[in-house]
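Thanks for sending this one over. Here are my notes, kept brief so you can read them beside the model.

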Amino acid sequence: MAVKCFSLYLILAAIVIGGVNSEYIEYNTKPRIVPEKINVHLVPHSHDDVGWLKTVDQYYVGSNNSIRGACVQNVLDSVIASLLDDENRKFIYVEMAFFERWWRQQSKAKKVKVKKLVDSGQLEFINGGMCMHDEATPHYIDMIDQTTLGHQFIKAEFGQVPRVGWQIDPFGHSAVQAYLLGAEFGFDSLFFARIDYQDRAKRLRDKTLEVIWQGSKSLGSSSQIFTGVFPRHYDPPDGFTFEINDVSAPVQDDPLLFDYNVQERVNDFVAAALAQVNVTRTNHIMWLMGTDFRYQYAYSWFRQMDKFIHYVNKDGRLNVLYSTPSIYTDAKYAANESWPLKTDDFFPYADKPNAYWTGYFTSRPAFKKYVRDLSGYYLAARQLEFFRGRNSSGPTTDMLADALAIAQHHDAVSGTQRQHVAADYALRLSMGYLQAEKLVASSLFFLSAAKSSTEEKNPGTKFQQCPLLNISYCPASEARLSSGKSLVVVAYNSLGWKREEIVRVPVSSKNVIVKDASGKEVVSQLLPLSDITLRIRNEYVKAYLGRSPRDTAKHVLAFTASVPPLGFSSYVISDTGRTARGPPASDVTSGNINQNVEVGQGNLKLLYSEEGVKMTRHLSTRNQVTAEQSYAYYIGSNGTDKDPQASGAYVFRPDGVVPVKSEGEAQLTVVRGPLFDEVHQDFNSWISQITRVYKEKNHAEIEFTVGPIPADGISKEVITKLTTTMKTNGTFYTDSNGRDFIKRVRDFRTDWDLQVYQPVSGNYYPINLGIYMQDKTSELSVLVDRAVGGSSLENGQIELMLHRRMQHDDIRGVGEILNETVCLPEGCKGLTIRGKLYVQIDKPGDGSKWRRTFGQEIYSPLLLAFTEQEGDSWINSHKTTFSAFEPSYSLPKNVALLTLQELENGEVLLRLAHLFEVGEDSEYSVMAKVELKKLFHNKKISQVKETSLSGNQEKAEMEKRRLIWKVEGSAGKEVIRGGLVDAEKLVVELVPMEIRTFLIKFDDHIEMVGERKQQLT
Ligand SMILES: [Zn+2]
C-alpha cells in the first residue's frame, strides 16, 4: 500500500509540474447546425418491444430477468433524470404502452417537469402509437386504431402532435405504412432499418437510402413522405455503444487517470462519420444512439455523448449535436434537394441470401385470426357504444382497445414472440373481449327495448354471444328449448349498407324453424356437424374453457339474415316438436370419391377428386375457367452445412415440398340444401375441409381444418394451391395491410436486379385481404380471413400458407421453436387451426367489386346475440329491427365506415374510407358522397371538424405545416381530393382510396333513440 501511494505521488507531482490539471469540464453541447460542415445528428433512443421474449408488463417492471435483463421503468426514470440534468440533451420516446404505464405512477411535481421537457423538445414523442406495429400482418384499421390511441394520449397529456414515423424494427415495410400511417397522420418523415440486403447494397452505392415514398397509386403526391433507411441497423456505429456492460471505449479525458484517449476517440468518431457521409446525400447524417432496451442507466450514454459533442466540435472537422429525427428531417428539407421517388413497398425482407423473413406472414395462425376477429368486433362494439352513450363507469371498449393495440406490435400479431408472451397477448384480448361483450349486450338491450311501456315487464334482457361459433360451440343456441320457449337471434350489421348473409348456429333439435320478426318463416337448412368439428369442439372447449360441452348440438341450422345498414334484425328459432315439420332437410349422402360428385347449381361447379377440388366457373358459353385446389406442405429446412439458416418463426426456408393426397378410400359427405351445397372431405388425419357453394353467389368458400401437424422431426409448412391454365406471365397482386393492391412479378423487384437464391420464399408476400391474378380472359381472386403468406410460383397458380409447425429456431433472437400445442388432461398435441378462404373467378376487371365489398363482409361479420322468449313475448315487446341511418339511406358500395366512436370528451370520431383504387372498377372508382345528416338520423350535428387520420390535429393545420418535398424527375399528376365539408349541406366527398376523419359534436346527444337514453343515464 505504501509503495502505491508513493508512486501515485510521483505521477501527481509530474502532472502538476507539467502544468496538467484535472478539474470540472463544462462540456459545450449547445445544439447548433453548421451549414458548411458535416453535421452528425446524435439521436438518443431506446427500442422497447411491447412484448417479445418477456411480456409487456415483465419488460416494464423488469421482472423475469433471467430471460433478459430489461426494465423499461429504468429507462424512463434514468432518461428523465439525465434530461433534467442538462437542457441540451435530447431523447425520443416511441412506445406509448410503456410510457402510459410509467406516466400514471408519477407525482404531480414530476409530471410538471416532464411536461416542460416535452414542451422544450428535449423529450420528443415520435411514431406515438401504443406500440411499433408490424407492417406485414396487421389490418390497416388496427394500425390506425393503435396509433390513434397513442396519439390521443400524447395530445391529452402533452398537447403534442408527433411528426415522425419510426418503424425501425419491423421486418419489411408496407405501402400503407408510408402513405396512410405516415403522411395521413401529418408525419413529415418515416425512418426504419430493415430492407432487403440486396436493396440496401444498391442504395448504399447509389446514395438512395433516403427517398420520397409515394405509397399510394391513387393518392400519389398528395400522400407522400420523406423516408430514410438507415445505412446499417438501428444501433450506433461500432465502437459507440455505451450501456453499462458495453465494450466500447469511453472517452477518458481526465489527465490524472490512465488511458487518456480524447484525440484517439475523436479520430474514431470522425472516421465513422465520414464513412456514413459517403453513402448519404446532403451534409447531414444521423447516428442512432441506442438499441433494444438501452438507457437503463442513461448517464452512461449521455456522459459519453456530452464528451463527443464537446471534443469533436473542438476538433473542428465535423459538427456534432444532440438531435431528434424531426430536427434531422428539417435539416434535410432545408437542404432543398430533390430526392429519388419510391413507389410500392419494401417486401419481402431478407437479411441474407437464404433468409427471407416470409414465414412470419403465417406464424401463429390461430392468434392472427383471434386478432382479426376481435378487430372486427371492436369496430362493431364501438358503434354500439356510441348508440348507447359512453358510460365511463363501464363496461366500455377501452380494455379491448388496449389489448388490440399491443397485439399489433411487431412481435405480437407477427407471431414471433415466445409462447408465454403469445399467451399473455391472448389473455389480454380475451379480457378485453369479455368487457366489450357486456357492453354489446347492454347496448343491444338498450336499442331493442325501445318500446318503453313494456320495460317493466322485461327487466334486463340477457343477451348471450358465442365467440366459439367457428367450432360450432354456442350454449345459447344449443340449449334445448322447453315447450313454448323459443330462441331470439339478434343480428347486428356494422357495415354501412344492407346485407344478406347466411347465419349458422348449432342446435340440438332437428325440428326447428326460423321466422323473421314479422312472424314469416324464412328459408333455413339443417346440416350435420362433421366428425372433425365434433372432435375439435370437444377438445378445444375442454382445453380452453375447462369443461366439456354438453353433448347436445348435433346439427347446424343455417338461414339467411337480412340486416339493414348499421343496424340489426331479429329472428326467432323455435322447436316445432317431434312430429312437426323441421326445415327442408338437407340431402346428405356419403360416398366414394370416384363417384364423380359435383355440386353447385349456378355458373360455378365443384367436382371432387383424390387430390382436392376442381372449381369450374362458366364466364360465358365459350369461356370457362377451372381451378384445381390441393394441399401440400413444405419441409422446413434444418439448415445445411454451408448455411445453418433453418426455417423458423420469422424465416421461411423450404427444403422440398410434399403433396397431400387422400389416404386410402377417400370418403365424401355431400350436403345439398335450399341455401347452399357443401362437401366434407378428409385428406388425411390432420387436413380436412368443407367446400360450400351458395345459391345466387359466384364464389366458393373453403373451410379448412389443419392440425395437429405431426411432429415427426420434420418442420412442416402447410399450403393450399389453386392451379389453372391461366397465362399470368409471372404477375399477381397482393394487398397492403388489407387496403391497396400491389402488383408483384415473380423473381423481380422494381428497385434492383434481383439475384434469386430462394425461388419460393423470396416470392412470398403478406396477404391480409386477398391475392389475385388475371389474364386476357379471366381473373381469379382468393380472399382470406386473417393474415397469411402467399404467392404465385407458377403461371396460373396461387398458393397460400395456412399453418406451420417447426423443429428449429431460426436464430433471429426469439430463441424458441415455433411449436404451438393445445393441452388436454391426457397430454399436449399440435394446435389445430380452422379458417376460410373464398375463391371467385371473374371476367378480367370484374373481380374488384367482389374483393372490396365482400372483403368488408369478411372483416365485419354479423354480430350475433341470443336471448330466449316465452311465446312471442320478446318480439311483441321489443324493437326488432334498427338502423342508425335515415330509413332507406345506405352508404354507397364504395365507402366503408371505419370508425364511429364516442371519445371520452363526448366528441364523436368518424372515419369514412373509399374502398376502391383509381382505375380499379369502372363503376366504383369514382368520387363517392356521404350525407352526414342521413348518417346521423335523429341527431343534430352542431360541429364537424376534419382532422388528421388520428384525430389529433385539424386537417387544415396539418396541411399548412406539411413539408412539400422535391422529387427527382416527375412527381406524377396531382390528385384532387374530396372538397371541404359545407357546414350546411354536410356532405363528405371521397376520392378513390381517400380516408377522411372527423370529430363531430351534436347539439343534443340524447335524441338518437328517443327519450329512453335520458331515463337510463
Ligand atoms: Zn423490436
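The points below cover a metal site and two helix pairs.

1. A word on conventions: this is a predicted model, where local features need pLDDT of at least 70, side-chain atom pairs count only at pLDDT 80 or more, and totals for chains, interfaces and linings use all residues. Residues are numbered from 1 along each chain as its sequence is written, and side-chain values use heavy atoms, leaving out hydrogens and water.

2. Do look at the zinc ion: its protein donors (N, O and S atoms within 2.8 Å of the metal, or 3.2 Å for Na, K and Ca; with water not among the atoms, sites may look incomplete) are His47 (NE2), Asp49 (OD), Asp169 (OD) and His410 (NE2), at 2.0 to 2.1 Å. Along the chain their spacing is H-x1-D-x119-D-x240-H.

3. Next, helix α12 (residues 365–388) packs on helix α13 (residues 398–407) at about 140 degrees, with the axes 11 Å apart. Helices here are DSSP runs of H or I with at least four residues, numbered from the N terminus. In the contact (heavy atoms within 4.5 Å), Phe367, Val371, Leu374, Ser375, Tyr377 and Tyr378 of α12 meet Leu400, Ala401, Leu404 and Ala407 of α13.

4. Helix α6 (residues 140–158) also packs against α12, at an angle of about 65 degrees and with axes 10 Å apart. Ile141, Asp142 and Asp145 of α6 make this contact with Val371, Ser375, Tyr378, Leu379 and Arg382 of α12. Val371, Ser375 and Tyr378 are thus worth a look, being listed for α13 and for α6.

Technical notes. Axes are lines fitted to C-alpha atoms, for helices over the stretch in contact, and angles run from 0 to 180 degrees between N-to-C directions. Helices (H or I, at least four residues) and strands (E, at least two) are DSSP runs, numbered from the N terminus.
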